[in-house]
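Reader: I am new to reading protein models. Could you take me through this one, step by step?

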Amino acid sequence: MLYHLVKKDFLLAKRYWIVLLIAALVLPVFIHTKLMAGGEFPSFFISTLFIAYLMFNSASMAEDKFRGAAYLCATPYTRKKLVIAKYVMVAVLFAACYLLYTLTALIAPLELRLLNLYESGLAVLILQIAFGVIIPIQYRFGYEKSRYIFFFMIFITPFVMPSVIKLLQNSSMDWSNIPLSQPMQGLLFVLLAAVIGAASLLISIRVYASRDL
Amino acid sequence: MKPILEVNELTKQLGSFKLDNVSFSLTEGCITGFIGVNGAGKTTTIKLLLGLIQKDAGEIKFFGKSIQNNEHEFKNRIGIVLDDGYFYDDLTLLEMKNVIAASYSNWDNRLFKRNIDRFGLPLNQRIGTLSKGMRMKYAIALAISHHADLLIMDEPTSGLDPQVRLELMDILLEYVGEGKSVFLSSHITSDLDKVADMLILIHGGRIIFSEEKDLLLDKHGLVKGDNKELNEQSKALFLTLDETDYGFSGLTADKAAVRRQMKNVYIERPSIEDIMLSYIKR
Amino acid sequence: MKIIITNTSDLPIYQKIKDQIKQAILQGELAEGEMLPSIRALANDLHVSVLTTRRVYDELEAEGFITTKAGKGSFVAKENVELLMESKRRMVESKLTEAWEAARMLGIQKSELYAMMDLLFEEEEE
């Protein structure tokens, strides 16, 4: 059952598949050539965020346009299942991007290094935070309204980011003092991401349960 | 014949519209027409039945069991056709079917194939390319391929040409022939004249009547005659009355009383639409 | 068996159908033991509600004209002469009442009505 719902989300975005598949292969390489040494993490992170968001957004757009969720909710599919399918879709997108990046890194005639556990964990954590916020907001306010919210959030980022970074820099002392090896920290990030994902999922399920379709 | 679905005091406030204490029941093996003008509360009631919007109060029972605690079983045993379909137009008929079919535990793919062949539907085409009539047939094919006990349809005939509407009515008659039940809303009552067994009229969020179609037609009469037949007492027998210099015509809910009290009048059989409008106009 | 539903009389629809089925049974048009159409089939053919045809069959069964076996269908009951005769007599009575009501409405006198009846008998004897 869940498989079909996830598949449906991918089918809704099917006209972007080719573009995004190429993007997943080319973007990391492109960003990496601009950044050169040490650019592996940002190139993977930025391209994954870009691709996952575009896929997620085009599926949501189609969902909003055709309002098929109302029909699905009238079948034995529960609202909970529909929400879970959305999260699975995002997780599949992460995994696909990771695979494609690894593939690129292995076959591209470039100095593109494979991601280590620490970087992978960090990327998953940040992506999870982003989507962990985006998905419940979309369920709460609907596609149209949440687009404005996201737009506003992106708009204020340049103003807020510096202070956030500063805050992080100030606290980074304690961060590196954690008596854990980098790979262990990577695993910790993944664990944290899972917790955030689960919390976000529970919120989304609650929010969607009482929405009028 | 037992009740298959019972709705008790269903209430929902939606903006300025209120669905007010709606109660009715559907009889097994029957086609029940849910009639009313646009905005009367038909779609709201159906959405409440399907749990697409949350009710403020009330209870819905399916085969005697509250659907609140048996939602999955209820949805598994009903077929649904929503106004306009609510389909993902970008998917092909086959892709959409695969999503829907997976949700029903007793989906019968051979039955679906038979229906598809019968309606001449192109499985590999995008849903968005279907004509209005084909879209409806596709919706029905999806709704009747899992041996549902009850088919719930919201405005299935709106926007369809008369020939397709006729075909649809035949499909419904065939469906109930197997002992299944149908609940369909419509503001086009001429379709229901032919096929409905029961009629429920809703207006302004309230149920006006819920009655067997034939009894309704037996009781009501379209009366025409000379104005001198009208007096205070006889006027009270009419739901609507239209007086001109040449005579009067009016609709009564008590044909027998008119026959007793007014001797020289013509009584014709009204249509469902005449009856519906006479209650709404009041 | 033919069933024609007209709007010329004020009888309820189920009554019209019931009377005609009864007539078909009484006149031997429907043989004893013969299977009747299902309530849904009859309803569809006559464009009436299945609730109406169900009422017709229920009443016919109560009056002993038909029997219904669950899952098999409805059949014309084994003839019960006395019952049928009684019913026929009642039918004559009801038709006469109808004629009498019409006559009264038109202001036809008792003697005139008797004369009409005499004429019918005379015609038959000729």
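Author: Start with two terms. A residue is buried if 20 or more other C-beta atoms lie within 10 Å of its own, exposed if 12 or fewer, and partly exposed in between, with C-beta atoms placed from the backbone. A nonpolar core is a set of buried Ala, Val, Leu, Ile, Met, Phe, Trp, Tyr and Cys residues joined through C-beta atoms within 7 Å. The model is predicted: local features need pLDDT of at least 70, side-chain atom pairs count only at pLDDT 80 or more, and totals for chains, interfaces and linings use all residues. Residues are numbered from 1 along each chain as its sequence is written, while chains are lettered from A and ligands numbered from 1 in the order in which they are written.

Reader: Which helix of chain A gives the most to the largest nonpolar core?

Author: That core has 144 residues. Ala52(A), Ala143(B), Ile152(B) and Leu199(B) touch the most other members. Helices (H or I, at least four residues) and strands (E, at least two) are DSSP runs, numbered from the N terminus. With 12 residues, the top contributor from chain A is helix 5 (residues 79-107).

Reader: Which residues does Ile152(B) contact, leaving aside its neighbours within four places in sequence?

Author: Two residues are in contact if their C-beta atoms, placed from the backbone, lie within 7 Å. Ile152(B) is one of the core residues that touch the most other members. Its partners, with those neighbours left aside, are Ile46(B), Leu49(B), Ile78(B), Ile80(B) and Phe183(B).

Reader: What radius of gyration does chain A have?

Author: Chain A has 7 helices and 0 strands. The radius is taken over C-alpha atoms, and the globule rule is 2.2 Å times the number of residues to the power 0.38. For 213 residues, a compact globule would come out near 17 Å, and chain A agrees with that at 18 Å.

Reader: Is Leu192(A) buried or partly exposed?

Author: Leu192(A) sits in helix 7 (residues 182-209) of chain A. Around it, 15 other C-beta atoms lie within 10 Å, so Leu192(A) is partly exposed.

Reader: How far apart in space are Leu192(A) and Ile129(A)?

Author: In sequence, 63 residues separate the two. Go from C-alpha to C-alpha, and the distance is 9.7 Å.

Reader: How far apart are the end C-alpha atoms of residues 121-141 of chain A?

Author: An unreviewed UniProt entry annotates several stretches of chain A as "transmembrane region", including 121-141. Such annotations may be inferred rather than shown by experiment; feature names are shortened, and positions follow the numbering used here. In the model, residues 121-141 are 100% helix and 0% strand, and their ends lie apart by 30 Å.

Reader: Which strands are at the edges of the open sheet in chain B?

Author: Two strands pair if DSSP finds at least two bridges between them. Here 4 strands run in the order 2-1-4-5, with antiparallel pairing. Inside it, 5 bridges join strand 1 (residues 3-14) to strand 4 (residues 57-62). The edges, each pairing on one side only, are strand 2 (17-27) and strand 5 (65-66).

Reader: Which residue stands opposite Leu5(B)?

Author: Strand 1 of chain B, residues 3-14, runs antiparallel to strand 4. The residue facing Leu5(B) is in strand 4 of chain B: Phe62(B).

Reader: Which two chains share the most contacts?

Author: There are 2 pairs of chains in contact. Chains A and C do not touch, with their nearest C-alpha atoms 29 Å apart. The pair that shares the most contacts is A and B.
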